Amino acid sequence: MAPELPRILLLPTHLQADELRELEARIPTLTHNAHEAKVILGKISRPERALFELRRLKLATEPVALEGAEGDEAIGDKRGRSDAAEVPSKRPRLSGSEALRSRADEGHVATLDLLGGSGDVVLVLKLAWLLDSLEQNVVLPADDYLLYQGRKISSHSAQASNPGTPQPRKEDETTRSASAVNDSPYSKRTTRPGTSSSTASDGRLHSEPPTLHRETTSEHEVPLPPIPDFLHTTYSCQRPSLVSPPNATFIAELKAIRTLRLLRGDQVGVRAYSTSIASLAAYPHLLQRPQEIERLPGCGPKIAQLYQQWTEDGCTDETRKAKTDTELVVLKTFYDIWGVGDTTARQFFKKGWRDLDDIVEYGWDSLSRVQQIGVKYYDEFQLKIPRDETETIASVILAHARRVDPGFQMVIVGSYRRGKPSSGDVDVVLSHPDEAQTLDIIERLVSSLEKSNFITHTLSVWTKNSERGQAPLAWKGEGRRAGSGFDTLDKAMVVWQNPQDKGPHRRVDIIISPWKTAGCAILGWSGETTFQRDLRRYCKVKMGFKFDSSGVRSRADGSWVDLESSERGPAPDMETAERRVFEGLDLEWRPPAERCTG
DNA sequence: GCCA
DNA sequence: CAGTACG
DNA sequence: TGGCCGTTACTG
């Protein structure tokens, strides 16, 4: 049975003539009169575009708030004055952006209201709403597809829909739709048996047990899986992202595109692809259709289009062309030199250099010291470091620190802590409950490791934190001048080789943190780049804090915010301190293995 | 490229 | 100053 | 339409 749809107007935008005809044929409630339509559908993804289309249809509206959970997250720029807003919230308000969109159940309310309620409200939805609804034989909640919601303010609306005179079939439609929703496969766990319990956080998604486990008629009508609640946020630090997500192969393709954008100097493209990659990395279901992607934060039509291309051809145009593009291949070679970024890689190419030998032959003296080291150990630095070797290196560092004082503690951070089987480099954070011990330790430690021939080269040593007396104090105000930097930990970036077995040279970062900010230190050094960026963005936007690995500060007055000490004093160990930082930031605890944002 |  | 590094 | 992590710190 086909779902009972509201009156729908289909926008021709971005649709081929035959696509348009085919779609129109599938809409029993199609209308071409904008004043009559309750839902306007289009292959569009932005509210701005929705408004533009409304203007083109000469349909005047005023914005209406989203009904249900979030009255203050109105679509459009006016505060909503929604008639039907007296929908009681079924649970306490969610904190922060978890509540950005209303929940599925409240969404039903919005949808039912849409079907039977006052006729002067019009919704502009993504086309995917129709496709998904037809697919699932159910009128889906509009929430995840909503671009704009407005009330018609033309003279038509007054007469056309008097609330007192019910539309034909109204009550029927309402109740039937409601039961259709409840009986439909939509409310049932729909993931394949092997994947349903794949994420640690699944319990949080849809806790109500599946009712009415009705057999579906045919296998090909598998409905789209529901979007987990945590995928309604644009902050990757608010959701679990595991190492090997179901869609790893498609993600790999997006990463390839991201690298190409980087080499071309498209910084913003890099950020955009990183956002979509992080979103997909958190999606616990194997993708089935392109329209599934557009529902995810940070993923729009472009990513969906790439997915389609990738499923059809096995790769995207951009990566296929890049494979035979000499310039990009060479740029990648140069970019992989430690100390060479994308700008320098392009400079090298411009000079006519095409391989490492060219650099050595024609440009050696123009290289910086670290770039020379990067070229010298080019091949060795490409090698991955197995976990046991990381542990060996870390234990040597800790032993040397404990030779200074036995109270030192260490956490191996970076990709090792996220559980990766091998790493590109080794990162360790050292701290000591006695603050006097972490002051100026970095230089002593490095020289100790140099003397023992573990460190073969020192790339750079940061000592700013010690120089300011390890004070995590105001980064502004208090007479401190901006720009002089008061918020970085002491650290050393070195080249390491085991003097006994003379294995490959390794990149090692040693970070020193005062005990009172050690939680921030390991948090700041354990997440992947996107997790890290989003954490800082979250702290800024949602909390009014400035986060970095040397502590949390208030943006209002720049003062240090201690999230790591309790009434009973400082944290007993660094992991405990890290948990307290999550709490203080109003974030759910994420084990490091769930910070794999790609 | 996507979002507020 | 621009470029690069780190997660 | 502007913003996208960091008024990063270090190097040359």
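In the predicted model, the buried residues of helix α16 pack against α14 (342-350), α15 (356-363), α17 (378-382), β10 (455-462) and β11 (490-496). Helix α16 itself spans residues 369-376, and its buried residues are Q371, I373, G374 and V375. The packing partners of α16 thus comprise helices α14, α15 and α17 together with strands β10 and β11. Two of these partners, α14 and β11, also appear among the elements that contribute to the surface near DNA strand C, as described next.

DNA strand C is surrounded by 23 residues, of which W338, G339, T344, D425 and G527 are the closest. Of the atoms of DNA strand C that come within 4 Å of the protein, 80% belong to sugar and phosphate. Contacts to phosphate include one from T343, where an N or O atom of the side chain is 3.2 Å from a phosphate oxygen of DNA strand C. A further phosphate oxygen contact involves R507, with a distance of 3.0 Å from an N or O atom in its side chain. A base is also approached: a polar side-chain atom of T529 lies 3.4 Å from a base nitrogen of DNA strand C. Two or more residues are given to the surface near DNA strand C by each of α14, β11, β12 (506-514), α23 (518-526) and α24.

Helix α24 (residues 529-543) also takes part in a salt bridge through D534, whose partner R271 lies in helix α9 (residues 267-281), so the pair ties together parts that are 263 residues apart in sequence. The side chains of D534 and R271 meet at 2.9 Å, N to O. D534 is buried, with a relative accessible area of 1%, whereas R271 is partly exposed at 22%.

Across the whole structure, 18 salt bridges are found. One of them joins the side chains of R261 and D266, at 3.1 Å from N to O. In this pair R261 is buried, with a relative accessible area of 17%, and D266 is partly exposed at 26%. Another salt bridge is formed by the side chains of K546 and D548, with an N to O distance of 3.5 Å. Here K546 is buried at 13% relative accessibility, and D548 is buried at 5%. Salt bridges with shared partners also link R261, R264, D266 and E318 into one network.

K546 and D548 fall within strand β13 (545-548), which belongs to an open sheet of three strands. The strand order is β13-β14-β15, and the pairing is antiparallel. Strands β13 and β15 (560-561) stand at the edges with a single partner strand each, so one side of each is left without a neighbour in the sheet. Strand β14 (residues 551-554) pairs with β15 in the antiparallel sense over two bridges. Within this pairing, V552 has V561 of β15 as its bridge partner.

Residues 124-147 are listed by UniProt, in an unreviewed entry, under "domain: BRCT". In the model, this span is 38% helix and 21% strand. The end C-alpha atoms of residues 124-147 lie 6 Å apart.

How values were computed: Residues numbered from 1 in each chain as written. Chains lettered and ligands numbered in written order. Predicted model: local features only at pLDDT ≥ 70, side-chain atom pairs only at ≥ 80, totals over all residues. Heavy atoms only, no water. Buried < 20%, exposed > 50% of the residue type's maximum accessible area, 1.4 Å probe, protein only. Helix = DSSP H or I, 4+ residues; strand = E, 2+ residues; numbered from the N terminus. Contact = heavy atoms within 4.5 Å. Pairing = 2+ DSSP bridges. Salt bridge = Lys/Arg side-chain N within 4 Å of Asp/Glu carboxyl O. UniProt positions renumbered as here; feature names shortened; annotations may be inferred. Near = heavy atom within 4 Å. Polar contact = N/O pair within 3.5 Å; in protein donor to acceptor, adjacent residues only side chain to side chain.
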